[in-house]
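Hi there,

Here is the structure I promised to pass on to you. Have a look at it first, and then read on for what turned up in it.

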Amino acid sequence: MTYLTILSALTLGFAAGANATPQDTVRLVFHTSSVQVQAEGLSGKVMASGCVRAPAGDAQWCVDLSDDASGASVASFTGNHTATNAPSFQVQVLPAQGYQAEAIASLFNQDGRFGLVEVDAQTSVAPVEPPMVISDEADGNTEDSTDNSTDVNDPNYARYQKWYYFADHKTSASGADISGLWALIGLDKIKTQSAPLDVLMLDSEFETNTDVTYYDGRSFSTTALLTGGPFQRPNDDYSVRPEVDEVCDSHGLQVASVIGGTIDNNYGQAGVTNNVRLHALRVMTCGVGFMSDAANALRWLVGKPFTDSNLVTPYSGKPGIINMSLSAGYNECPNFMQDAINDVLAAGYTVVVAAGNQSGDSQLRTPGNCDGVITVGAIDRSGYLPPFSNRGANVDVMAQGVYMPVPTEDSHSTALASGTSFASPLVAGILAAVKRDTGADDAVLKLAVRITANPTQDPQCNTSDVCGAGMVDAKEIHQFATDAVNGRLHTIEHALGNKTPCEQVWLLDYFGDKARLCSLYNVVFMRGYIEEGTTYQLISIPMEANWQEATPTVEGQFTQAEVKLSSLTPDTRQYGVQLCEAGVCGDVQLINAEQATEANRPAVCE
């Protein structure tokens with residue numbers, strides 16, 4: 001009998017005491033760019049150096065912002081002009097002197113001479129449960145499938161994947177229908193690299209393993225390798241540091257395997273897609289890092305300077321999917337992280353992040369509480385919230401994050417890992433496959449994730465602001481994205497247009513007069529999906545007008561995603577739809593009415 005050790009991969013960081021900043025110091029982020037300083041209502045030149053004193057007079061903290069480690073000078077500003085070759089922030093390590101980092105940052109901000117100052121919190125992959133041992137014969141599901149069109153020979157596929165998160169939602173309570181996604185795209189295209197999409201993983205140790213191939217990588221981790229030792233500096237070597245190799249696990253490797261583990265190689269488990277290039281960006285060491293390191297990795301992707309950026313070879317790939325299976329405690333997303341996320345979003349990336357494993361409110365964990373990211377919570381195989389997963393208003397979607405088969409540093413063993421760290425790359429892998437096949441941009445992918453999600457089994461998720469939109473659905477995301485890219489997200493067609501000639505005749509014979517049925521149009525918004533609290537406002541303008549200048553006519557507002565109307569004139573008017581929430585309507589989205597014209601009128605209506 002063979003046994004598998006269930007490694008709760010998020011238990012990484014047990015060596016954090018040997019690698020974290022000593023407790024008698026704090027790390028603060030000093031924003032020196034004009035944008036951040038002006039946002040706080042300040043003006044003038046950022047102080048190159050200076051001190052602040054505690055109100056009680058028992059402590060003083062001094063900083064020198066004149067030069068960063070790479071020699072770039074601090075940005076001075078007048079109006080909207082600022083130095084373009086300087087980092088937007090600097091990290092300063094200061095003695096705590098009995099004060100919390102937040103209190104010290106507040107003193108600098110109250111002083112007003114040092115720009116915007118924020119805490120550089122410690123990032124981590126938090127533990128979720130102790131390791132346990134199970135028999136591989138007593139766990140998993142190995143029953144045969146009647147449809148083997150997307151079966152692969154990876155040993156752990158049939159036992160831990162096929163009947164769980166790879167299955168559809170009707171078959172499995174944790175099903176994300178990755179098998180359905182494979183069938184749509186074609187398994188050969190999934191397994192073969194052809195103009196692969198870049199996937200950037202900001203994580204900890206990227207061990208080597210037979211099942212995962214890294215295309216490239218960098219190190220941004222500044223975590224000290226020894227207590228009281230110097231901080232690391234960014235460089236091109238993302239491999240595991242020999243000083244910690246014996247005490248650290250393989251979190252980065254395991255996250256990478258969920259996205260792109262080699263498929264159909266008769267080894268290990270299957271990733272979501274192999275038509276990707278996996279970039280290993282080490283922003284933690286032994287499961288511990290700093291939020292500024294993650295922000296620097298994002299800035300590197302868009303070619304923006306940061307401290308020691310001259311030590312790292314520039315990124316040469318294209319915008320793709322970013323996964324961050326890490327978190328830190330912040331009541332709100334810090335400016336320096338939000339700025340970095342805004343930069344990559346503007347460049348065309350999609351950012352997927354883990355909600356965190358603190359059994360609490362997702363709004364208190366960064367980057368899950370940052371704007372523009374897709375925050376993923378975890379459900380178990382039965383579709384229920386596991387105790388560890390954060391939940392709340394910032395969660396966008398759920399995915400299986402319990403008993404996920406992943407490789408270990410030892411090529412001869414397999415682990416079952418649990419945590420939102422593994423739900424996040426599952427969604428990232430799905431979006432990578434969809435983006436590669438459809439070309440959908442970030443806005444479409446976000447909408448597709450939210451609007452196609454399935455309900456979870458857990459009654460807790462019936463409450464708003466707990467589990468986001470629900471369970472991720474890979475196949476439906478692909479179909480939604482395909483229609484969005486092809487301009488068929490919203491459609492108008494003749495009511496009988498989607499029926500066969502035989503069905504058309506039958507309907508006319510048995511369900512009413514010809515004039516009534518032939519004058520009806522079937523209007524479908526958002527591929528038939530409806531979100532709670534959303535109203536669809538149908539509008540139109542003359543065929544010769546343009547949407548930028550014309551004043552639209554409101555044809556009606558609907559709470560259903562599919563309606564039948566008789567008052568439309570698709571040959572003389574253009575139609576659009578606005579999604580309205582709480583009385584506020586969004587931008588106009590065009591409706592494809594090609595199949596509603598007289599040229600496409602059903603023959604039975606002639």
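Let's start with Ala195: its relative accessibility is 61%, so it counts as exposed, since the bar for that word is over 50%. Please keep in mind that this is a predicted model. You will find Ala195 in the loop that runs between α5 (187–191) and β11 (197–203). Its backbone is worth a look too, as phi of Ala195 is near 45°, a positive value in a residue other than glycine.

Ser359 makes a good companion to look up next. Here phi is near 60°, again a positive value in a residue other than glycine. Ser359 sits in the loop between β18 (350–354) and β19. Is Ser359 buried, partly exposed or exposed? With a relative accessibility of 45%, Ser359 counts as partly exposed, because that label covers what falls between 20% and 50%.

Staying with β19, the loop between β19 (365–366) and β20 (374–379) holds Pro367. The peptide bond that joins Thr366 and Pro367 is cis, with omega at about 15°.

Now for a residue in a loop elsewhere in the chain. Ala86 belongs to the loop between β6 (81–82) and β7 (89–95). Its relative accessibility is 8%, so Ala86 counts as buried; the limit for that is under 20%. Which residue, 221 residues apart from Ala86 along the chain, has its C-alpha atom 8.5 Å from that of Ala86? It is Thr307. Try selecting both in your viewer.

Next, a pair of helices. Helix α7 covers residues 291–301 and helix α8 covers residues 335–347. Their axes come within 9 Å and cross at roughly 25°. Angles under 35 degrees count as roughly parallel, and α7 and α8 are therefore roughly parallel to each other. Their crossing is left-handed.

Finally, the empty spaces. The largest pocket contains about 770 Å³ of space. Its lining is made up of 25 residues, and those nearest its centre are Gly468, Ala469, Gly470, Glu531 and Glu532. Sorted by class, the lining of this pocket has 11 nonpolar, 8 polar and 6 charged residues.

How many cavities of 30 Å³ or more does a search of the whole structure find? There are 2, and here is a little about each:

- The largest cavity holds about 50 Å³ of space. It is lined by 12 residues, with Leu326, Ser327, Gly356, Asn357 and Ser421 nearest its centre. That lining divides into 5 nonpolar and 7 polar residues, with no charged ones.
- The second largest cavity has a volume of about 40 Å³. Its lining consists of Gln161, Tyr165, Ser257, Val258, Gln269, Ala270, Val272 and Pro405. By class, 5 of these are nonpolar and 3 polar, and none is charged.

If you want a place to begin in the viewer, you could colour Ala195, which is exposed, and Ala86, which is buried, and then turn the model to see how each one sits. After that, try the lining of the largest pocket, beginning with the residues nearest its centre, Glu531 and Glu532 among them.

Happy exploring, and do write back with any questions!

Best wishes

Key. Residues are numbered from 1 along each chain as its sequence is written. This is a predicted model: local features need pLDDT of at least 70, side-chain atom pairs count only at pLDDT 80 or more; totals for chains, interfaces and linings use all residues. Side-chain values use heavy atoms; hydrogens and water are left out. On a 1 Å grid over the protein atoms alone, a cavity is a set of points where a 1.4 Å probe fits but cannot get out, and a pocket is an open set with protein on both sides within 12 Å along at least five of seven lines; lining residues have an atom within 4 Å of a point. Grid points are joined across faces, edges and corners, and a volume is the space filled by probe spheres set on the points. Ala, Val, Leu, Ile, Met, Phe, Trp, Tyr, Cys and Pro count as nonpolar, Asp, Glu, Lys and Arg as charged, and the others, Gly among them, as polar. Helices (H or I, at least four residues) and strands (E, at least two) are DSSP runs, numbered from the N terminus. Buried means under 20% relative accessible area, exposed over 50%, partly exposed in between (1.4 Å probe, protein chains only). Axes are lines fitted to C-alpha atoms, for helices over the stretch in contact, and angles run from 0 to 180 degrees between N-to-C directions. Angles under 35 degrees count as roughly parallel, over 145 as roughly antiparallel, 65 to 115 as roughly perpendicular and the rest as oblique. A crossing is left-handed if the near helix is turned anticlockwise from the far one by less than a right angle, and right-handed if clockwise.
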